[in-house]
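Colleague: Please pick one part of this model and go through it closely, then say how it sits within the rest of the chain. I would like the cut-offs spelled out as you go.

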Amino acid sequence: MSTPFPFTAVVGMDDLRLALLLNAVSPAVGGVLVRGEKGTAKSTAVRALSALLPEVSVVPGCRFSCDPASPDPACPDGPHAVVDGVDRPARVVELPVGASEDRLVGALDIERALSEGVKAFEPGLLADAHRGVLYVDEVNLLHDHLVDLLLDAAAMGASYVEREGVSVRHAARFLLVGTMNPEEGELRPQLLDRFGLTVEVSASRDPELRVEVVRRRLAYDDDPAGFGARWADEENTLRERIVTARALLPEVRLGDAALLQIAATCAAFEVDGMRADIVMARTATALAAWAGRTDVLAEDVRQAALLALPHRRRRNPFDAPGLDEDKLDDTLEEFKGDDDPDPGPDGPGGGVPPQDGPEEGGEASSEEGEGQSSAAGGGGQQAPVGAAEPFRTKMLSVPGLGEGAAGRRSRARTEHGRTTGSRRPRGALTKLHLAATVQAAAPHQLARGRSGPGLVVRRDDLRQATREGREGNLVLFVVDASGSMAARRRMSAVKGAVLSLLLDAYQRRDKVGLVTFRGTEATVALPPTSSVDAAAARLESLPTGGRTPLAAGLLSAHDVLRVERMRDPARRPLLVVVTDGRATGGPDPVALGGRAARLHAAEGTASVVVDCESGPVRLGLAGQLAADLGGTAVTLDELRADSIAGLVRDVQQGRAA
């Protein structure tokens with residue numbers, strides 16, 4: 001077994017280490033979501049925590065890690081006799097991004113259930129993680145239905161598996177830790193709310209701290225066992241402190257004054273629901289126990305707010321998580337009680353484990369991120385203007401039936417949705433079509449010697465349910481940033497429309513990309529990504545001015561889509577061109593633009609042209625462009641959800657024309 005990197009050797013990142021330790025003391029806090037750029041030791045710190053957790057006593061032979069002192073009465077391997085437990089280390093179970101639902105919650109043998117009436121159950125990762133840690137790297141890339149199952153189990157402390165009337169339940173209490181890079185897309189606000197605490201991590205820009213990070217990492221890589229031995233005393237001290245804090249936790253008193261501060265803080269920051277209040281109360285209690293105290297102080301409430309509230313204040317995907325600390329201090333001071341005990345020498349929470357090395361920093365990130373190539377000249381550049389207020393847009397979808405990743409935009413064959421038929425399973429059976437299975441088995445009952453009430457079912461009889469739901473698409477925006485669009489009010493309205501479409505893409509779980517054109521060439525401002533807030537940031541800083549190289553913009557979009565089709569053939573694209581349809585620069589620019597548009601039409605790319613032309617005299621060039629694309633044109637006013645009906649039908653009819 002490999003030696004993990006010591007937790008106490010992780011440089012800096014005090015908030016991350018404290019949040020993990022508080023959950024180790026009190027798993028009821030609800031887990032940790034770690035947000036940060038790549039290469040900041042997020043995964044290293046989480047995996048290092050496993051060595052600090054106390055061993056657990058389990059019933060011998062139980063696949064669900066039942067506690068011999070209080071075994072789960074509904075355990076599928078039970079009922080358990082009174083036996084001496086076996087001690088084993090607490091597990092850290094990792095959930096891969098590409099895991100299936102059966103791998104997460106477990107799988108039922110439907111064939112044996114139908115033919116023998118036996119609940120043959122193969123445990124999943126939730127069972128493995130019971131009484132340990134479940135770690136999800138890149139949780140924002142996990143399919144939504146898996147995140148829902150995961151968070152439901154974490155909230156209820158149990159996992160339920162149901163297949164065609166056959167159900168199994170088992171205990172699933174674990175410390176949930178997720179990591180994510182916001183550049184790759186955000187979690188939905190309702191999912192963010194299900195994580196107890198959230199911390200932001202970033203690499204230090206101090207050269208000395210970065211040197212210490214590299215020095216420790218190289219020393220560990222050269223001799224993991226020797227490096228671990230040098231930190232053994234610190235690890236043992238921290239492990240003992242966790243055990244002591246766990247024992248003290250039931251004695252901690254959460255007084256009325258602290259409860260009032262918690263409620264007042266959540267109300268002051270307009271946090272939705274009551275989960276924040278409960279998480280803050282549990283976190284403040286754990287902080288007191290970690291500091292070795294039996295009373296919760298105002299300082300504990302403040303630290304709990306900094307860990308539990310920032311991610312709950314997001315109102316849309318473009319809001320950055322954060323907390324106004326001055327407002328927090330004013331609220332706590334206003335509702336401060338008169339009987340707060342002295343915080344003691346360690347201050348609130350008792351601090352994080354001391355280190356012999358530097359006190360701040362983290363593993364250095366490898367890159368600054370994807371840069372934005374510069375737009376060419378060809379005319380004067382005007383300063384960027386702000387976007388108008390976003391609005392709810394009409395539904396845009398790709399015609400036909402796809403097979404892409406689960407989402408909320410276009411019709412597709414999916415694992416979840418309404419049942420539309422059945423087929424023979426290809427590989428493992430995941431969703432049984434019961435009626436079709438019985439129909440396939442019924443004619444053979446006499447030949448198979450059926451004598452009792454049970455149905456004799458063979459594997460060849462099993463039928464997989466085919467289902468139809470919604471998929472996410474790649475929405476590629478091609479935005480005209482030329483001089484013809486540069487009027488301040490007009491460009492503000494255009495940016496507001498694109499921002500509205502980005503918000504819609506976020507809600508429908510799409511990938512997005514952004515191509516702009518102005519001057520003499522086009523720019524891929526943002527390659528396809530799941531991070532709509534990154535697209536919004538690029539849009540906000542978009543300069544305008546110069547000529548209108550429409551053909552260059554469409555050809556650049558064609559190149560982007562060609563590459564994306566090779567990377568992800570199942571994800572269907574939707575091209576959204578935002579322009580007034582004008583084309584300037586070079587010989588016969590309008591004809592060049594038409595030929596570039598027909599390239600997209602020839603490949604069957606679904607497209608919409610958002611017509612930004614304004615004024616009393618209109619040339620109708622955007623409508624001609626839409627015809628060349630084989631799509632439809634809508635004005636900025638028609639894009640609003642409350643303006644006209646049937647936009648989806650118009651998109652589809654435009655494709656069929």
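Modeller: Helices (H or I, at least four residues) and strands (E, at least two) are DSSP runs, numbered from the N terminus. The model is predicted, so local features need pLDDT of at least 70 and side-chain atom pairs count only at pLDDT 80 or more, while totals for chains, interfaces and linings use all residues. Residues are numbered from 1 along each chain as its sequence is written, and side-chain values use heavy atoms, with hydrogens and water left out.

I start from Met 491, which is found in helix H16. Met 491 has 1% relative accessibility and therefore counts as buried; that label means under 20% relative accessible area, with exposed over 50% and partly exposed in between (1.4 Å probe, protein chains only). Contact means heavy atoms within 4.5 Å. By that rule, and leaving aside its neighbours within four places in sequence, Met 491 is in contact with Val 385, Asp 480, Met 485, Leu 542 and Thr 544. Ala 481 is 10 residues from Met 491 in sequence, and their C-alpha atoms are 8.3 Å apart.

One of those contacts, Asp 480, leads to strand E15, which covers residues 474–480. Here 7 of the 7 residues are buried, so E15 is largely enclosed by the rest of the structure. In a regular strand the side chains alternate between the two faces of the sheet. In E15, Leu 474, Leu 476, Val 478 and Asp 480 point one way, and Val 475, Phe 477 and Val 479 point the other way; all are buried.

E15 also has partners. Two strands pair if DSSP finds at least two bridges between them. Strand E16 (residues 511–518) runs parallel to E15, and 7 bridges join them; Asp 480 stands opposite Phe 517 in E16. Strand E18 (residues 573–579) pairs with E15 over 6 bridges, again in the parallel sense. The bridge partner of Leu 474 in E18 is Pro 573.

Back in H16, which spans residues 488–507, Asp 504 is the next residue to look at. A salt bridge is a side-chain nitrogen of Lys or Arg within 4 Å of a carboxyl oxygen of Asp or Glu. Asp 504 forms one with Arg 409, at 2.9 Å from N to O. Arg 409 lies in strand E12 (residues 406–414), 95 residues from Asp 504, and the pair links distant parts of the chain. Both Arg 409 and Asp 504 are buried. A network of salt bridges links these two with Arg 508 and Asp 510.

The structure holds 31 salt bridges, and two others can be set beside this one. Arg 567 meets Glu 564, with the closest N and O atoms 2.9 Å apart. These two are 3 residues apart in helix H18 (residues 550–567), which means a separation of about one helical turn. Arg 567 is exposed at 62% relative accessibility, whereas Glu 564 is buried with a relative accessible area of 7%. Arg 598 pairs with Asp 628, with the closest N and O atoms 3.2 Å apart. Arg 598 is in helix H19 (residues 589–602) and Asp 628 in helix H20 (residues 621–629), so this pair ties together parts 30 residues apart in sequence. Arg 598 is partly exposed at 43%, and Asp 628 is buried at 14% relative accessibility.

For the wider setting, the chain has 21 helices and 20 strands. Buried residues make up 50% of its 657 residues. Among contacts between residues at least 6 apart in sequence, 81% join residues at least 24 apart.

Cysteines may matter at the bench. Taking a disulfide as a pair of cysteine sulfur atoms within 2.5 Å, the count comes to 0. The sulfur of Cys 66 has its closest cysteine sulfur in Cys 75, at 3.6 Å, which is too far for a bond. Cys 66 counts as buried at 3% relative accessibility, and Cys 266 counts as buried at 4%.
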